[in-house]
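Reader: Hey, could you walk me through this structure? I'd like to go piece by piece.

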Amino acid sequence: MTQCIWKDFYKWTATNVKIKITDNISKIKQQIEKGTYNGLWAVGATIHRDAVENVPVDTGRLRASLGWDVEGNRGGGLEDSVHTSEKSSVVVGTNVEYAEKIENYKPYLRPALDRTKPKLQRIFEKYIKEALK
């Protein structure tokens, strides 16, 4: 039987080695949360812009009343704002009482959302990557 003479050649010894392990999980959570919030804000702005361009106009009151906001947990942790969709959302709409009637007659919000859907992943990727820099 042949004996391998190289096995000792690969042995090495490390002395006085210091390893520092840093826990960055909370920092990364905050960055992801910030990116998610900014992504939701951008989605709301995109849907809003589309809806404003396509809403029927008589007096301009409905168009002027359209707005958006990010609702939910703003700073309460990753679990609340990223994994639980009920906790963070973007709301686009109006408080004008006849808005629903107009939406049923000549939709402007639903089509705006439908046109934005293909862009969602790209929007969130942009803001998450930006936040993690």
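Author: Sure, one term to begin with: helices (H or I, at least four residues) and strands (E, at least two) are DSSP runs, numbered from the N terminus. By that rule, L62 is found in helix 2, residues 61-65. Keep in mind that this is a predicted model, where local features need pLDDT of at least 70, side-chain atom pairs count only at pLDDT 80 or more, and totals for chains, interfaces and linings use all residues. Residues are numbered from 1 along each chain as its sequence is written, and side-chain values use heavy atoms, with hydrogens and water left out.

Reader: ok cool. How many helices and strands does the protein chain have?

Author: There are six helices and two strands in the protein chain. Going from the N terminus, the order is α-α-β-α-β-α-α-α.

Reader: Back to L62 then, is it buried or exposed?

Author: L62 is buried, at a relative accessible area of 4%. Buried means under 20% relative accessible area, exposed means over 50%, and partly exposed is in between (1.4 Å probe, protein chains only).

Reader: And which residues does L62 touch?

Author: Not counting residues up to four places away in sequence, L62 touches V55, T94, V96, Y98, A99, I102 and Y108. Touching, or contact, means heavy atoms within 4.5 Å. As for A99, its C-alpha atom is separated from that of L62 by 6.9 Å, with the two positions 37 residues apart along the chain.

Reader: Switching topic: where is N95?

Author: N95 is in the loop between strand 2 (88-93) and helix 4 (99-105). N95 is exposed, with 70% relative accessible area. The C-alpha atoms of N95 and S65 are separated by 7.1 Å, and these residues are 30 apart along the chain.

Reader: Now helix 6. What span should its 12 residues have?

Author: Helix 6 covers residues 120-131, and at 1.5 Å a residue it should span 16 Å. The expected span is 1.5 Å times one less than the number of residues. The end C-alpha atoms of helix 6 are 17 Å apart, which agrees.

Reader: Which residues of helix 6 are buried?

Author: Those are I123, Y127 and A131. Seen down the axis of helix 6, its buried residues fall within an arc of 60°, so they line one face of the helix. The arc is that of the directions from the helix axis to the C-beta atoms.

Reader: Why would residues three or four places apart point the same way?

Author: An α-helix has 3.6 residues a turn, so residues at that spacing point the same way.

Reader: Nice. And which residues are exposed on the other side of helix 6?

Author: Q121, R122 and K129 are exposed there. For Q121, the relative accessible area is 59%.

Reader: What covers the buried residues of helix 6?

Author: The cover includes helix 1 (25-54). The axes of helix 1 and helix 6 come within 8 Å and cross at roughly 145°. Here axes are lines fitted to C-alpha atoms, for helices over the stretch in contact, and angles run from 0 to 180 degrees between N-to-C directions.

Reader: Which residues make that contact?

Author: From helix 1 they include I32, G35, L40 and T46, and from helix 6 they include L120, I123, F124 and Y127.

Reader: Tell me about T46. Which residues is it in contact with?

Author: Leaving aside neighbours within four places in sequence, T46 is in contact with T116, K119 and I123. T46 lies in helix 1 and counts as buried, at 13% relative accessibility.

Reader: Last one: how much of the protein chain counts as buried?

Author: Of its 133 residues, 26% count as buried.
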